[in-house]
Every structure is written in structure tokens, then in C-alpha cells.
Amino acid sequence: MKRKLSLRGQLLIILLVFIVLILTIVYLFQTNFLDDFYRKSKENSIIQVAENVEKYLKQNDVFDYYETIGFSNEVCVRVASNDYHYENKGACILRSLDDRTINNIYKEVNDNSGSKMFYNFVSYNEFDARENVKDMLIFGKNIKINESDILILVSSIITPLNATISTIKSQYVIIACVVIFATILLALIISHFIIKPINKINSESKNLSKGEYNSNNIKPFNSEYAELNETLMKANDDILKADKAKKELLANVTHDLRTPLTMIVGYGEMIRDLPEENNVENINVIIDEAKRLSTLVDDLIDISRLESSKIELSYETISIYDLLFDVYKQYEIYCKSQNVSFKLDAKKKYQKIMIDIDIHRIKQVIYNFINNSLNYNNKAKQKIVLGVEEIKDYYRIYVYDNGPGIKQEDINNIWERYYKVDKTHKRNHIGSGIGLSLSKDLLIAHNLKYGVESIENEYSKFFFEIKARE
Ligand code: ADP
């Protein structure tokens, strides 16, 4: 398999690419586009001045204002018209323009829809003797006030940026070196605080599958790592628990399979060797044991199906009474033979209360409850009740027994797969007793609430709740 780049390497590369990108963009803007930006901003500022002059001219009282503009914005202003001439004071290049030039400019501005930016003033040869004219930006605007034509000229000097750009370039090398160095340092710091603990947890979690995750080696310094560590610790515990429980289950299942097999082989051999033993009773033992094996295998198949969530329910409608009565009939004779008092507590009115369930599956759940009641009850007067009670808008179907009950500390665990309170219970004749976890999965598949009420040494009452068909 191709080895992937480590998180630390990825982080360093991402940060460096990011920083180089930023540096390149800044470099391009600072060097290549600086001149354009500068010119554009100069243009905008003299256009703005021209507009302000126009506004104030229209208010008539303008002279003081020119002076202020002329000096404060490093621009020079000249207003020319037939009626008056105004020139800004100071070393303003626009002062030297004679009337002929002003007229030429006026015409050119007019031809350009009333305003024009002059980038190279050399063509107006009155100035070409002066060196700095080339770096001059002049904006002209024609306006009309009280029937007189007025030309507003605003000029500004453009400072050459070559020297500035070369300074920036030489500074830039230093800045780039410092930033790249700082980036590498940052990547190392992040890596130390974030990636190192991840690597630590990663190397520890390689032992997770063996249930050997050692949280003592992890020293989480923030809540996320602490949480991850706790989750892995819990997963580790669960793996250990599941592993132990699986071993126990295997031992139980093996035992449960072996008992009927021994009986079948034993009775079979007996009938073969002793023809007088070939009677219905003995053959029935073989048949019963074979059925028991078949039930056990069915339950094991169910468990594996449920584990890969392949269970499919086929819903049918049945009355609560019929459901309970069918189950009751299944157990009646057996319980009598075992001296167990088994009662059905379902009034005839429940014959009219219909429910939608997978009958076979729900019967399996009730069988599991009853089998457990038979399995775990050692009292002389064993009592089991299969019944239904109405609670608000649903019906609670329950199996009650006066058995040993369940300790509070076990009550939440008994529904877990492979969980057993006492590891050495006897197996009952009917059903495999694999369990409550199978019942839980079946009830969840039906979307039904379920639970148990119990007091130790007094009783257990396992139940599920169902609504009647609408
Ligand atoms: P299994 O019967 O194969 O041990 P279950 O999942 O049916 O497994 O039951 C889990 C545990 O719950 C049992 O080991 C038992 O300790 C407890 N339990 C179940 N039903 C009863 C009951 N009616 N009375 C007392 N304990 C019970």
C-alpha cells in the first residue's frame, strides 16, 4: 500500500503553500501594480479637486478656497475664462500657460465631452524645456457659469516610484525569509500540541482489538483528547466484556447442544440394542430433543441475523387475547407437569383489541420471558402469570413470576447481549433460553417499549407495551 504523508508533513505543506501564495500576491501588488495604483489614485484625487472647484465656483465665492486646495492637496489649480483669470499661488506650473495654450486645451477638453486627463504635457511645447513636465498629470474640465465658458485645470506631480519599488524588493527577501521561518516554527508548535497526542493515542489504540488499550500512557491536555481517550477506554472495556461474554456464550451453547445430542445418541443406541425399548415414549424423547436442538439453532440464527440487522418482520393482525391464549396453551401442560402454577390474566374484552405484530416474533419474546421465569425460579410454590393490563392508551403485556427477582445493579445489564447474572443456571426443557437480548432486538424492531420491574427475592415482571390497531 502506498504510504500516505503524515499529518505533520501535510500541515507543513499546507501552511507553506498558503504563506508562499500570500507572499507572491503581496509581492506582485507591491512591485508590478504599485505604479498603476499610485497613478489611479492621483487621477482620482485631481478629478475630485476639479469637482470641488466647480461646486464652489457655482457659489461664486471661490478664491480663498483655491488657495487652500492648491496647497493642501499638493495640487495646482487654474481657472480661466473670458471674464477673469485666476492662478493658484506658489510654484504652479499652470501659471506659465499662455492664452493660446489655454485655448488649445479648452478645445481639446471640449472635443472630449467636457473633461480630459492629460498624461503627457510635452506636446504643449511651451513646457517641453522643463524637465519635470513629463511627470505631470493635468486634468481639464469645461463648465458654464452665467453664460461664460470656464476651464478648470488641476495638475499634480507624479513622483517616480522606481526607487520605492526597488527598496520594497530588497526588503521583501528579508520579510519572506522571516515569514517562512515563522511558518515552519508554527507548524512545529501545532504539531507538538495537536499531532503528537494523536500519534500517541493512535499507537495505543493499535492494542484496542486485543483489549489492551492503556490509558495510563495518554496524558490528555484538553477536553477533546480527554473525551477521545475516555471513548477508547470504554471501547476497550466493552471489547473485554464482549470477549468474555462470547466465551461464556460459546460454553453455554456448546453445553446446550451437547445435552440433547447425548440424549438422542443414547436413546437411539438403546432402541437399536434393546428392541423391547423401542416404544413411543422413548422415540418421543428423541423427537423432543431434536426439536429442542432445532429451536436452539433457530435462535442462534436469529441472533446472527439481528447482529447483521437482517431481521424482516411480517406483520399480521391478531387480538391480544388470542395471542396470549395461544402462548398459554403451549405452556399449560408442561407447567402442570412441573407443579408450577401458570395463570392467564386476560379478560375476554381483549378479544376485540387488535394489534399489528409479527406474531411468530412476539411469541418468541413471550416464550423467552416465560422460559426465564421457569428457569430462574427455585421456590417450592412456583407461580407464573401471563397477562395484559391497560395503561392510558396502550396495553402492557407481561410475564410475572414469584422467583428470585433481579438485583438493582443487574437490572440494566440483563438486556445486554451475552449477559448472565448467575453463570450456572439450569436449562429449561422448552426453548433455548438464549435470551433477553434477542427479545430486546425483536421488540426494538417492532418499535415497542419494554422493561422489567423486580424486587429481589420477591418477583420479576417482564413486559412490553403496545398500542391497539387504529
Ligand atoms: P439466559 O437466560 O440465557 O441466561 P437471558 O438474556 O434470558 O439469558 O437473561 C439474562 C439474565 O437475566 C439471566 O442470566 C438471569 O440472571 C436474569 N433473568 C432473566 N429473567 C429472569 C427472571 N424471570 N427472574 C430472575 N432473573 C432473570
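Select strand β10, residues 394–401 (strands being DSSP runs of E with at least two residues, and helices runs of H or I with at least four, numbered from the N terminus), and colour by accessibility: 6 of its 8 residues are buried, where buried means under 20% relative accessible area, exposed over 50%, and partly exposed in between, with a 1.4 Å probe and protein chains only. This is a predicted model, in which local features need pLDDT of at least 70 and side-chain atom pairs count only at pLDDT 80 or more, while totals for chains, interfaces and linings use all residues. Residues are numbered from 1 along each chain as its sequence is written, and side-chain values use heavy atoms, with hydrogens and water left out.

Next add strand β9, residues 383–391, which pairs with β10 in the antiparallel sense over 8 bridges; strands count as paired if DSSP finds at least two bridges between them. Here E389 has R396 of β10 as its bridge partner, and in the hairpin, with 2 residues between the strands, K392 takes a positive phi near 50°.

Then show strand β12, residues 459–466, joined to β10 by 7 bridges and also running antiparallel to β10, with K461 of β12 as the bridge partner of Y400.

Move on to helix α9, residues 359–375, where 15 of the 17 residues are buried. Its end C-alpha atoms are 24 Å apart, which agrees with the 24 Å expected at 1.5 Å a residue, the expected span being 1.5 Å times one less than the number of residues.

Finally, select F221, in the loop between α5 and α6 (223–273); at 45% relative accessibility, F221 counts as partly exposed.
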